[in-house]
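User: Could you take a close look at the place where the two chains meet and walk me through it? I would also enjoy a short tour of some local details afterwards.

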Amino acid sequence: MTEKIIRHVLAEFAYQAPKIERGYANQTLYVNVATGEIKAKPVSEEMKFKFTGGKGFDLWLLWNAVNDNTKWNSPENEIVISSGPCGGTTQYPGSGKSLVTTISPTTEVITDSNAGGHFGPLLKFSGWDAIEVQGIAERDVVVIVDAIAGKVTVEELPDAPTDTHLLGAWLYDVLAEKPHEKYYIAMVSAGTGADHSLLGCLNFSLYDRKRQDVRYKQAARGGPGTVLRHKRIKALVVRAKPFRGDANHPADPERIARVGADMQHEVATWDPVQNRMRNRGTPYLVGIMSDYDLLPVNNFKFGSHPKAHDINGAYWETRLTQGLPDGCWYGCTIACAHAVDGFELQTGPYKGQRVIVDGPEYETIGAVGSTCGIFDADAILELNFYCDTYGIDTISYGNTIGFLMECYEAGILDLEKTGGLELTFGNAAASLEILHQVAQGEGLGRLAGLGIRKAKAYLIEHFEADPQFVQDIGMENKGMEYSMYMGKESLAQQGGYALTNKGPQHDEAWLIFMDQVNNQLPTFEDKAEALHYFPMWRTWFGLCGFCKLPWNDVVDPKNSKSAEPAKIPHHVQNYVDIFAAVTGREIDINDIIAMSERVYNLQRVFNIRLGKGLREHDYPPYRGVGPVTEEEYESRQERYDKQLREWLGLDPDAMTLQEKMAAHRKYRTERYEHLMDAVYERRGWTRNGVPTVEKLKALGIGFPEVLAVVEKHLQVEG
Amino acid sequence: MITLNKRERLEWQEGLTVQALLERKTFTYPHIVISINGIVIDHDAYAETLIPDEADVRVIHLIAGG
Ligand code: SF4
């Protein structure tokens with residue numbers, strides 16, 4: 001960079017990075033962008049034992065930072081980011097994730113979201129197990145953790161752009177004194193879409209050495225980007241020193257190397273004949289989901305579409321750049337973080353620019369694509385790129401547009417109300433136009449930017465929408481839009497989505513095949529056990545800095561002969577080994593479940609503290625449970641009629657369509673109630689979904705302030 | 001008739017192979033384990049393995065999601 005860059009330092013804190021010991025820096029960083037207070041907080045042995053790291057640290061710091069009345073836009077709400085003790089390991093695939101936690105603008109309870117990219121590990125290697133950012137700045141600021149200079153600053157950079165792809169290119173140039181220093185810079189940012197919507201995502205950067213360019217992975221669920229921009233933060237940046245593969249200073253490096261080599265061999269052997277993650281990434285799922293009637297189409301009305309094969313894994317293999325090491329952290333040989341290079345934008349403020357599109361991931365294809373009836377790959381890439389650079393969650397955005405498209409086709413919206421946009425399923429140009437409006441805070445973009453729950457309320461109040469209809473078809477629970485799997489025929493997945501802490505993101509439990517296809521969870525107790533085990537197991541990845549995909553997306557076929565193939569026992573053992581080898585703390589699977597249960601239950605109590613987190617908040621929309629419309633019923637009439645005969649002993653030939661739909665609705669909603677009872681009991685919660693005092697004490701988190709939250713509810717329940 | 005995954009009853013016809021069953025059900029996911037009356041069928045033998053009438057067929061998909 002040749003021009004003079006203006007940097008106003010508003011606050012500064014000098015520090016010396018401690019040596020990392022067995023995966024921990026043993027301190028966290030607190031930054032208040034309003035007051036300029038910056039300080040280190042020690043990490044105690046108890047904090048490590050009870051909360052492990054990652055989301056555990058995030059939640060504990062946030063719990064202590066807010067009060068019972070804190071809202072997403074209160075100054076005391078925080079953005080907290082942590083990787084975890086194993087984050088930054090380079091010998092085992094998928095060991096560099098970061099977890100971000102905050103109070104969500106859409107759910108108004110705790111949201112957590114994970115991302116690849118280099119921020120979490122580089123933050124730790126720069127001396128901090130977590131960063132918590134509090135306050136609302138007066139003007140746009142950038143927070144810079146500079147391990148090379150030994151200081152943390154809050155700075156005003158008036159020339160910094162806001163949209164992520166411009167900001168990243170600019171900031172890396174500003175901060176890297178020599179080109180190779182870019183390898184050790186990472187940032188977290190949002191964009192102009194997050195300024196004007198509640199659906200803001202965070203982009204976590206990494207410097208791609210082969211492409212010599214900045215790339216981004218997203219922590220998107222629940223609107224953390226909106227919180228960042230509301231705090232008037234353009235970016236959180238870390239500028240780390242060069243580091244080596246043993247930067248965690250693990251207790252037993254040889255054990256990591258041994259387990260890592262086995263896993264790398266397994267990936268190299270089996271990925272080419274299984275999911276081909278290294279060539280296709282997660283889009284391998286598109287065609288498969290359509291084949292099994294699980295791909296959301298037209299706002300989750302349908303589960304498959306002939307055109308899904310135009311955008312399936314084989315197609316994306318021809319479209320994604322091949323042959324580059326697309327890991328989102330060093331050492332990930334699964335390398336599924338693909339991109340389309342040199343994509344020429346056709347719309348919007350950056351029309352004509354050639355850009356890198358990070359992705360698309362399966363979830364993005366489902367959200368901005370199939371659930372909106374869009375099967376045009378170029379349109380999906382354009383929507384993907386603009387969502388990212390504007391800092392908007394592709395899942396929530398696409399799902400909201402799918403909902404509004406159905407509202408348009410149902411007559412709730414019309415050309416006048418959409419500002420002239422013909423918002424029918426499949427209209428990619430309309431979706432793109434609305435996306436640009438979101439970034440401008442204009443037109444229908446203002447409505448779409450609210451997300452489904454608040455858009456429903458608006459449609460009821462202003463456009464006389466039928467409350468029951470929009471409640472039924474709006475695919476949100478707790479205020480979060482569903483991720484991209486059809487759960488109508490899997491009761492366990494209905495619970496996997498709605499019996500969650502943060503909302504319907506499949507990262508807690510993904511049980512569709514076990515339940516719907518394999519029939520491995522036939523009873524309520526089986527489903528409840530799975531809805532205990534898998535959410536706890538999956539929570540653990542986010543405590544340690546691990547990615548879930550190497551657990552289950554490449555598996556040696558000998559796993560099928562194990563006692564419980566769905567759990568993939570030999571990979572569970574790998575994680576036990578890696579955790580013990582990094583931290584020096586020997587554990588087994590029971591310890592893993594207990595570590596997660598502490599954090600999971602604390603999150604549940606946190607939601608209750610914020611006024612939610614009870615049974616009434618755990619109901620799915622009926623679109624996620626059964627057929628809402630006659631069109632939906634008729635599209636699967638044979639299946640639904642058969643179910644009436646087999647499940648309910650009814651004769652569908654003697655029933656009207658309305659009677660058949662009513663019978664389904666009664667049966668399906670009642671069995672969901674039974675599932676809730678079974679799951680709450682298995683988790684050690686009351687019928688109202690409240691963790692009991694005994695449970696919290698047994699987990700070692702029976703702190704007075706935690707017990708005080710549940711005791712109020714337990715007294716009411718009697 | 002055959003039973004699929006302890007739940008679904010499906011028509012059987014003479015000459016029904018494992019491969020034909022997979023195609024009929026659109027079971028396209030590549031990572032599966034198939035057993036007929038408790039005996040695991042080798043992946044390479046799907047095309048020629050016949051499914052007998054009244055067979056207990058299990059097609060277990062080893063997919064655990066994102
Ligand atoms: S498996 Fe994919 S998402 Fe996970 S760490 Fe590796 S590249 Fe990133």
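Analyst: Here is a walk through the contact between the chains, followed by a few details inside chain A.

Please keep in mind that this is a predicted model. Let's begin with who takes part: chain A brings 30 residues to the contact, and chain B brings 19 residues. Together, chain B and chain A bury about 2,000 Å², and 52% of that area lies on carbon and sulfur atoms. On the side of chain B that touches chain A, strand β5 (residues 56-61) of chain B gives the most, with three residues. Sorted by class, that side of chain B has nine nonpolar, seven polar and three charged residues.

What about polar links across the boundary? Between chain B and chain A there are eleven residue pairs in polar contact, both partners being at pLDDT 80 or more. Salt bridges, however, number zero across this interface. The structure as a whole does hold them: the count over all chains is 65.

One of these salt bridges gives us a way into chain A. The side chains of A:Glu46 and A:Lys50 meet at 3.1 Å, N to O, in a salt bridge. Both A:Glu46 and A:Lys50 sit in helix α1 of chain A, four residues apart, which is about one turn of the helix. Following the chain on from there, A:Thr52 is found in the loop between α1 (45-51) and α2 (55-65) of chain A. A:Thr52 has a positive phi of about 65°, although it is not a glycine. Another backbone detail belongs to the loop between β15 (354-358) and α11 (362-369) of chain A, where A:Pro360 is placed. The peptide bond from A:Gly359 to A:Pro360 is cis, with omega near 5°. Both details deserve a look, because most residues other than glycine have a negative phi, and most peptide bonds are trans.

Finally, a pair of helices in chain A. Helix α25 (residues 637-648) and helix α26 (residues 657-683) of chain A pack at an angle of about 65°, their axes 11 Å apart. The crossing of α25(A) and α26(A) is left-handed. From α25(A), the residues making the contact include A:Tyr640, A:Leu644 and A:Trp647, while those from α26(A) include A:Ala663, A:Tyr667 and A:Arg671. By class, the contact of α25(A) with α26(A) divides into six nonpolar, three polar and four charged residues.

Methods: Residues are numbered from 1 along each chain as its sequence is written. Chains are lettered from A and ligands numbered from 1 in the order in which they are written. This is a predicted model: local features need pLDDT of at least 70, side-chain atom pairs count only at pLDDT 80 or more; totals for chains, interfaces and linings use all residues. Side-chain values use heavy atoms; hydrogens and water are left out. Contact means heavy atoms within 4.5 Å. Buried area is the accessible area (1.4 Å probe) that two parts lose on being put together, summed over both. A salt bridge is a side-chain nitrogen of Lys or Arg within 4 Å of a carboxyl oxygen of Asp or Glu. A polar contact is a pair of N or O atoms within 3.5 Å; within protein, one must be able to donate a hydrogen and the other to accept it, and residues adjacent in sequence count only if both atoms are side-chain atoms. Helices (H or I, at least four residues) and strands (E, at least two) are DSSP runs, numbered from the N terminus. Ala, Val, Leu, Ile, Met, Phe, Trp, Tyr, Cys and Pro count as nonpolar, Asp, Glu, Lys and Arg as charged, and the others, Gly among them, as polar. Axes are lines fitted to C-alpha atoms, for helices over the stretch in contact, and angles run from 0 to 180 degrees between N-to-C directions. A crossing is left-handed if the near helix is turned anticlockwise from the far one by less than a right angle, and right-handed if clockwise.
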